[in-house]
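Thanks for coming. I will go through one model today, starting with a residue and working out to the chain.

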Amino acid sequence: MEDKTRHRRKGDSSTPVKSTAPEPEDDKLKKQKSGSSKTTGVSAGDIKKPRDPIETGWTISTILVVVLSFVTRFWRLAEPHNVVFDEVHFGKFASYYLRREYYFDVHPPLGKLLLAGVGYLAGYDGHFLFDNIGDDYLTNNVPYYAFRSWTASCGAVTVILAFLTLKEIGVSIPGALFGAGLLMFDTAMVTQSRLILLDSMLFMFATQAIFCWVKFFKLRYEAFSFKWWLWLSLTGISLALTMGVKMVGLFAVATVGIATLVDLWRLLDIRRGNPMSLIIRHFAARALCLIFLPTMVYLVFFYIHFEVLVKSGTGDAFMSPAFNAELRGSDVESFSTAIPYYSNITLKHRDLKAYLHSHPDKYPLTYEDGRVSSAGQQVTGYPHKDINNHWRIEPADASMDPSIPAYEWTEEEKERGVRYVRTGDLVRLFHPRTNTRLITHDVASSLMSTHMEMTAVDEQVSTQRYKETLWKIDPLEGKMGEKLYSFRHHIRLVNHVHKVAVHCHKGLLPDWGFGQHEVNGNKNLYESNNNWFVEEVMHPRIVNGTEIGESKKVEKQKIVKKLSFIQKFLELQRLMIQHNAGLTNTHPYSSTPITWPFVLRGISFWENRDGFRQVYLLGNPVAWWLSILGCIMYAAMYVLDRILLRRGLDDFGYAVRRWWDRGIGFLILAWIMHYIPFFLMGRVLFIHHYLPSYVFSAMTSACVFEFIGRVVSEDTAALPPNARIKDWMRRGYGGVGYWSVLAVLGLINFVCFWYMSPISYGTRMPSRESVAALKLLKSWDLQHA
């Protein structure tokens, strides 16, 4: 064949490249049209281009995928008409938006804002708070079908986007249908998409980001064209949407980020002859569309979040006093007051909502592990209002400790005849109910042996150990020496001698401690469980939460500084990350990442003994095992190919290997980045955390089966190094054997889905035996089985 010179594309070396690749069919067709028009006088536009049977096949396949994706998600969508599993959270948050009441959640706001938007369009006013699993939607007049229709649509679109991504990567019609089938007929994907949850939105936006990146990468030879900018921008927006639903959207960002670095590294190759000015333009374009643009879009979600939630709500307790002061009707706005000395106060833990509490009962002399206590009076955290929560706050006496500086009263204090508690003061806490004072000493606490025991001692002992009864008021924000206000200031109480903070442990004491929270002394002063605030203030000068002679409006103007949007955003981001990491409590349906691809555990979402109905989140084992098999096969073939190359054996050929590395390699990267990070997390985990990874493992499996079918049936190693992979992919479909294998595997997958569908759709089953028949593995803890 005669050598032809290929014109330089944007981003390629300026040196012409010799190519032996066959002339593209599109160019041949153009020449035929041109020649025909010259000889016959008929314009090229008058010649009817024959309909491409391949495109017709893709059109029919796409319609089939769309229909089946929506049918599987919408079938029996109205059942059950009860609150199911985490609908208690995300339905509640949507209601809070419609009520405009502030709430706190560990996830970004986009997904819940979209749910609230659906509710608004359905005429819902947020009257129902989804308090309990099993609550009836019909009785409470909740448009739950509208909510579920949105999430089900997101689940269906996920399958469609995965199918189109496989098409763009170059997979044939049977291969793309097989990959879509692994997602379409998966019980876990169907279950999670049919409920008022965030996950289907997460799948959709993550898959959309991958799809957009593939479209952008295919335009790498049309750099800076309109389509190139469009798909690069859509990739960035898709990443922002993914992050806006859940923090794990960062895994999609990491996937695209790594692919971007590899792409820039390719452009940097000196053999391409690209000037540095062009490389800088490429870098700047990616920084603009993949860093700046997603960041701005992500911030918009939080701006809307703050603009909508303007009323006091359940989230107040998580936020700083300055944040709460701007919420209408908050305790900070309504009841905050300066605290005079010798007031009776209650101290409430910021996170656990337990009050600092004491009662006459003593610690046992010996704990169950053999350690010895002081047998002193118990100091605990009690979650209910009680007279034993009251403490009188007293100033330190300089005559008892020469190191304490004498206090000079301000003119205001002299005029009013009271001294106010200030941040940085040393104080004593007197318990009126038992006539004791708060103290800590070098005795290990009951539940945390590294922390010091907290107790209360009588007047005689407190006088003898005076310095140990002193506590410094250490504010979390603001300056030292400011008046301490109830609700408004979050503080730590740090012992003057032992330098430990009053810590409320989330663990509960045994029967001798009445199941209350343990309070102890924590040497790590900056842990969040050391944070308290004053709630009630009882003093003759304070009436109905307002000090005599003070106006609430004046007080607020004195001490409240309006936070900027960025300050609010950073505060909420910090709390989201902190509380997400703190979700370490055990759960009966939790599981470990190593078990997820093999479908060893599920989650019971809902059950009803009438008809042995249940909704149980569990993957289709055929689909999941085929998907993880595909990922393992990719890794094995990748290693084997590199070993053979080192020995001079090339079974793939350069052109196919390039597709193998860039196409399937990108999907395997997405699977890894959405899966491996969970092994590093200390929080409680569930099988639904694997679902984004499963999407990409299913796509990878389809590509691997496609690759094997094509390599077996076609001599790929004979392709020239510069062959257009798209032309090769369009040439054939692997033969009847390939079609047959995929058809059999797809049928087995569908049969397994149909067999297990009752636990996805919550349909009736005739007997316990029929439920037990679904329990293919002993580790599946199905209800009624």
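Is K215 buried, exposed or partly exposed, and what is its relative accessible area? K215 counts as partly exposed, because its relative accessible area is 21%, and the cut-off for buried is under 20%. Bear in mind throughout that this is a predicted model.

The partner of K215 is E168: their side chains meet in a salt bridge, with N to O at 3.5 Å. K215 belongs to helix α8, residues 199-217, and E168 to helix α5, residues 144-169, so the pair ties together parts 47 residues apart in sequence. E168 has a relative accessibility of 17% and so counts as buried. The bridge therefore has a partly exposed lysine end and a buried glutamate end.

That is one case from a longer list. The count comes to 35 salt bridges. As background, side chains of opposite charge can pair when their charged atoms come close.

The next one is R437 with E459, where the closest N and O atoms are 2.4 Å apart. Here R437 lies in strand β8, residues 436-444, while E459 lies in helix α15, residues 459-464, so a strand and a helix are tied together by a pair 22 residues apart in sequence. R437 is at 7% relative accessibility and therefore buried. E459, at 41%, is partly exposed. Some bridges also share partners: E412, R416, K483, R541 and E547 are joined into one network that way.

A third bridge is K112 with D105, at 2.8 Å from N to O. Both of these residues are buried. They also bring us to the cavities.

How many cavities of 30 Å³ or more are there? The count is four. The largest cavity has a volume of about 50 Å³. Its lining includes both K112 and D105 from the bridge I just described. Also in the lining are Y102, Y103, F104, H107, P108 and P109, along with F302, H305 and L572. In general terms, rolling a probe the size of a water molecule over the atoms shows where empty space is left.

Now three loop residues, and what they touch.

V248 sits in the loop between α9 (226-245) and α10 (250-268). Which residues does V248 contact, leaving aside neighbours within four places in sequence? They are L202 and F678. The C-alpha atoms of V248 and H674 are separated by 7.9 Å, although the two residues are 426 apart along the chain.

G481 is in the loop between β10 (471-475) and β11 (490-495). With a relative accessible area of 38%, G481 is partly exposed. Apart from neighbours within four places in sequence, G481 is in contact with R422 and T423. The C-alpha of G481 is 7.6 Å from that of D425, and these two are 56 residues apart along the chain.

N529 lies in the loop between β13 (517-522) and β14 (532-538). Is N529 buried or exposed? N529 is buried, because its relative accessibility is 17% and buried means under 20%. Setting aside neighbours within four places in sequence, N529 contacts H349, D351, V502, H503, C504 and K506.

On to the surface. L747, F750, V751, W754, Y755 and L776 form a nonpolar patch there. Together they have about 620 Å² of accessible area. L776 is found in the segment after α24, which spans 768-773. Its relative accessibility is 46%, so L776 counts as partly exposed.

Last, the chain as a whole. The secondary structure comes to 24 helices and 18 strands. Of the 785 residues in the chain, 54% are buried. The accessible surface of the chain is about 34,900 Å², and carbon and sulfur atoms account for 61% of it. Taking contacts between residues at least 6 apart in sequence, 74% join residues at least 24 apart. The K215 and E168 pair, at 47 residues apart, ties its two helices together at a separation of that kind. That is where I will stop.

How values were computed:
Residues numbered from 1 in each chain as written. Predicted model: local features only at pLDDT ≥ 70, side-chain atom pairs only at ≥ 80, totals over all residues. Heavy atoms only, no water. Patch = residues over 30% accessible without salt bridge, like charges linked within 9 Å, V, L, I, M, F, W, Y side chains within 5 Å. Areas by Shrake-Rupley, 256 points an atom, 1.4 Å probe, with all protein chains shown as cover. Salt bridge = Lys/Arg side-chain N within 4 Å of Asp/Glu carboxyl O. Helix = DSSP H or I, 4+ residues; strand = E, 2+ residues; numbered from the N terminus. Buried < 20%, exposed > 50% of the residue type's maximum accessible area, 1.4 Å probe, protein only. Contact = heavy atoms within 4.5 Å. 1 Å grid on protein atoms, 1.4 Å probe; cavity = no way out; pocket = protein on both sides within 12 Å on 5 of 7 lines; lining within 4 Å. Points joined across faces, edges and corners; volume = space filled by probe spheres on them.
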